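The following report works through helix packing first, and then through single residues in loops and strands. It closes with the chain as a whole.

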Amino acid sequence: MVIPSSLKNCFRLFYVLKISAAGFKYTANRGLILQSISSDVFQNLAVEDWIHDNMNLENRQVLFLWRNSPTVVIGRHQNPWQECNLKIMRKNNIKLARRRSGGGTVYHDLGNINFTFFTSKKKYERMENLKLVVRALKGLRPQLHVCATDRYDLLLDGNFKISGTAAKLGRTVAYHHCTLLCSADKINLSSVLKSPYKGIKSNATPSMPALVKNLFEEDPTLTCEMVMDAVAAEYARCHQIDHHITLINPADETVFPGIHNKNKELQTWEWIYGKTPKFSISTCFNMMYEQSLLEAEVDIHVKHGRIEVCNIVLPEQWLPPAMCNELEKNLIGSKFCPSETTALASTLLRICPQNYELHSKWSLLCENVMTLM
Ligand SMILES: Nc1ncnc2c1ncn2[C@@H]1O[C@H](COP(=O)(O)OP(=O)(O)OP(=O)(O)O)[C@@H](O)[C@H]1O
């Protein structure tokens, strides 16, 4: 008999989990509670992909608990330039990740817990999952006023969002993941979820900004471990499985064969930026050169993250049109990103005549074009 590789992978996961987890026996056939030991968003998103692609969820449910170091996570069909401040993120080492599910942009750090509920497509039920989280929270602290909305958000005190939801429906399996703001850095959250880029036109899914609050502002005696444990216990109770959280290492290829490639793919420029729906930026900026102010107009169209059309309008006497055309021509086809534009600008400088004035004007123009990225 030939055993399909997906089934083999499942057996392998169960075998490894079985021998590594005391008390983890037959109930694993009905449900599993997993928690990642990694705080790397790409590794954790790769676990979601792996379970989605490899596990047979026909008669089994999985809850996956995970937390990430500071990261902005955009929805599958979003535009990062429209949703976040990439400059601040680069400066403060805050990662950007694109998830496979739709929906809006959220901020993660270790003060935010993520819950992923995997089921068969037939059993996919977002509201039930949210009610389960609410029951777990109420069980911990009965005085908490948390409720689910018809947008599948969780609100604290009727006004403040503490959880956002997104989902991915496969052919036979589905997952619903939701966040839970416990003690996230709200200053970081609001500064990175504000786009400084003006003049963007796109059909990408826009986020729905909301007033947020951390759960622990309401009760500082809570910890993330207590919350994860309470949700796991409620999940185990509902599905009549062992309340055992199995720790997993998403970097372990022996448990998750092929996960390294999934992790790598999620980190590629082509996935994170290249999947942005086609968009354009039409804007103008002022440049100060030797005490005189001049205005430049820019119109850039971006497809698959690459510049498709580029028009820069400058006063003719300021920079020879041939130089401006050269920049436009070279930008076409290149990635809409500052590092690629920096490399391009310095290559072009080398082929220009050694003229200090032209060099500094050219650099000033390139610097300004890069502020759009
Ligand atoms: N970790 C988080 N948990 C809950 N809300 C958050 C978090 N980070 C940011 N937010 C708030 O949620 C807003 C985005 O909400 P939005 O509804 O667009 O996306 P979503 O909650 O991921 O999913 P969906 O669009 O599918 O409901 C942000 O602008 C911010 O106000």
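In this predicted model, the crossing of helices α2 and α9 is right-handed. Helix α2 covers residues 41-54 and helix α9 covers residues 259-266, and the two pack with an angle of about 125° between them while their axes lie 8 Å apart. That angle makes α2 oblique to α9, because an angle counts as roughly antiparallel when it is over 145 degrees and as roughly perpendicular when it falls in the range 65 to 115. On the α2 side the contact involves F42, Q43, L45, A46, V47, D49, W50, D53 and N54, and on the α9 side these meet I259, K262, N263 and L266. Sorted by class, the residues of this contact of α2 with α9 comprise seven nonpolar, three polar and three charged.

A second packed pair is formed by helix α11, residues 321-331, and α13, with an angle of about 40° and axes 11 Å apart. The helices α11 and α13 are therefore oblique to each other, and α11 passes α13 in a crossing that is right-handed. The residues that make this contact are M323, E326, L327 and L331 from α11, together with L358, W362, L365, C366 and V369 from α13. In the contact of α11 with α13, eight residues are nonpolar, none is polar and one is charged.

The table sets the two pairs side by side.

| Helix pair | Angle | Axis separation |
|---|---|---|
| α2 and α9 | about 125° | 8 Å |
| α11 and α13 | about 40° | 11 Å |

Helix α13 can also be examined by its length. At 1.5 Å a residue, the 15 residues of α13 (residues 356-370) should span 21 Å, and the C-alpha atoms at its ends are indeed 21 Å apart, so the expected and the modelled span agree. Which residues of α13 are buried? They are L358, H359, K361, W362, L364, L365, C366, N368, V369 and M370, and L358, W362, L365, C366 and V369 of α13 also take part in the contact with α11. An α-helix has 3.6 residues a turn, so residues three or four places apart point the same way.

Helix α5, which runs over residues 126-140, has 15 residues and reaches 22 Å from its first C-alpha to its last, a value close to the 21 Å expected at 1.5 Å a residue. The buried residues in α5 are N129, L130, L132, V133, V134, A136 and L137.

Turning to the loops, is G305 buried or exposed? With a relative accessible area of 1%, G305 is buried, since the term applies under 20% relative accessible area. G305 lies in the loop that joins β15 (292-303) and β16 (306-313). When residues up to four places away in sequence are not counted, G305 touches W269, Y273, G274, S334, K335 and F336. G305 and P80 are 225 residues apart in sequence, and their C-alpha atoms are 10 Å apart in space.

Two other loop residues call for attention on account of their backbone. D157, although not a glycine, has a positive phi of about 55°, and D157 is found in the loop between β8 (154-156) and β9 (160-163). Its relative accessibility of 29% means that D157 counts as partly exposed. E290 likewise has a positive phi, of about 45°, although E290 is not a glycine; E290 lies in the loop between β14 (279-289) and β15, and at 65% relative accessibility E290 counts as exposed.

Within a strand, K201 belongs to β12, residues 200-202, and at 58% relative accessibility K201 counts as exposed. Apart from its neighbours within four places in sequence, K201 is in contact with F279 and S280. The C-alpha atoms of K201 and Q291, which are 90 residues apart along the chain, are separated by 33 Å.

For the chain as a whole, the secondary structure comprises 13 helices and 16 strands, and the C-alpha trace spans about 80 × 55 × 30 Å along its principal axes. Of the 373 residues in the chain, 53% are buried. Among contacts between residues at least 6 apart in sequence, 73% join residues at least 24 apart.

Definitions and conventions: Residues are numbered from 1 along each chain as its sequence is written. This is a predicted model: local features need pLDDT of at least 70, side-chain atom pairs count only at pLDDT 80 or more; totals for chains, interfaces and linings use all residues. Side-chain values use heavy atoms; hydrogens and water are left out. Helices (H or I, at least four residues) and strands (E, at least two) are DSSP runs, numbered from the N terminus. The expected span of a helix is 1.5 Å times one less than its number of residues. Buried means under 20% relative accessible area, exposed over 50%, partly exposed in between (1.4 Å probe, protein chains only). Axes are lines fitted to C-alpha atoms, for helices over the stretch in contact, and angles run from 0 to 180 degrees between N-to-C directions. Angles under 35 degrees count as roughly parallel, over 145 as roughly antiparallel, 65 to 115 as roughly perpendicular and the rest as oblique. A crossing is left-handed if the near helix is turned anticlockwise from the far one by less than a right angle, and right-handed if clockwise. Contact means heavy atoms within 4.5 Å. Ala, Val, Leu, Ile, Met, Phe, Trp, Tyr, Cys and Pro count as nonpolar, Asp, Glu, Lys and Arg as charged, and the others, Gly among them, as polar.
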